[in-house]
Amino acid sequence: VSDPLSEPALPAGGQDPSRSGVPSKSAGKPVVTEIQGGWNYLVVATLPWKEATEAGQYLAKHGYPALVQPKNKVDPSRAAANNTPCEVVLLSGYAPGAFREAQKEREALMTNIKGLGRRWRVENKRAPSDFSDAFWKKF
């Protein structure tokens, strides 16, 4: 069994967000495809793999590249088969020293993501989340 933290998790939809043609809402920040240890990221939702992938694709479609990764240490290749609980994580993170300084930016991002989640629920009654439980997490 491999450690999912030792291998990069797949971006939502299995695509590299830097090649998806979707502009990042985090202007001025480089688009990354993996989570950097010690940085803070917005976990938008924790959902079964299938629904997490749908949420990640919706976020990417609206300019917020996201990563879907198993919540617990499991073999990433088995996450889909077992519909493992996964975190949907925005790929725009904050370095440890910049997290506090960016409070207003982080609050605006949280507001935008929650609004996008409500919009998703309006557009799709079967949407598995409205992103209202989003939280910051240090990886």
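**Close-ups of a predicted model**

**View 1. The whole chain, for orientation.** This predicted model has 3 helices and 4 strands. Go along the sequence and you meet them in the order β-α-β-α-β-α-β. The chain runs to 139 residues, with 40% of them counting as buried. Take the contacts between residues at least 6 apart in sequence, and 74% turn out to join residues at least 24 apart. About 7,800 Å² of the chain is exposed, and carbon and sulfur atoms supply 50% of that.

**View 2. The salt bridge between K137 and E87.** The structure holds 2 salt bridges, and here K137 pairs with E87, the closest N and O atoms sitting 3.0 Å apart. K137 belongs to strand β4 (residues 135-138) and E87 to strand β3 (residues 85-90), so the pair ties together parts 50 residues apart in sequence. E87 is buried, at 3% relative accessibility, while K137 is partly exposed at 26%.

**View 3. The salt bridge between E123 and R119.** This pair stays within helix α3: E123 and R119 are 4 residues apart, about one turn of the helix. Their closest N and O atoms are 2.9 Å apart. E123 is partly exposed, with a relative accessible area of 47%, and R119 is partly exposed too, at 42% relative accessibility.

**View 4. R106, a buried arginine with no salt bridge.** R106 is also found in helix α3 (residues 103-123). Which side chain of opposite charge is nearest to R106? That's E107, 6.4 Å away. A salt bridge needs the nitrogen within 4 Å of a carboxyl oxygen. Leaving aside residues up to four places away in sequence, R106 touches Y94, F99, R100 and W136.

Definitions and conventions: Residues numbered from 1 in each chain as written. Predicted model: local features only at pLDDT ≥ 70, side-chain atom pairs only at ≥ 80, totals over all residues. Heavy atoms only, no water. Helix = DSSP H or I, 4+ residues; strand = E, 2+ residues; numbered from the N terminus. Buried < 20%, exposed > 50% of the residue type's maximum accessible area, 1.4 Å probe, protein only. Contact = heavy atoms within 4.5 Å. Areas by Shrake-Rupley, 256 points an atom, 1.4 Å probe, with all protein chains shown as cover. Lys, Arg positive; Asp, Glu negative; His and termini not counted.
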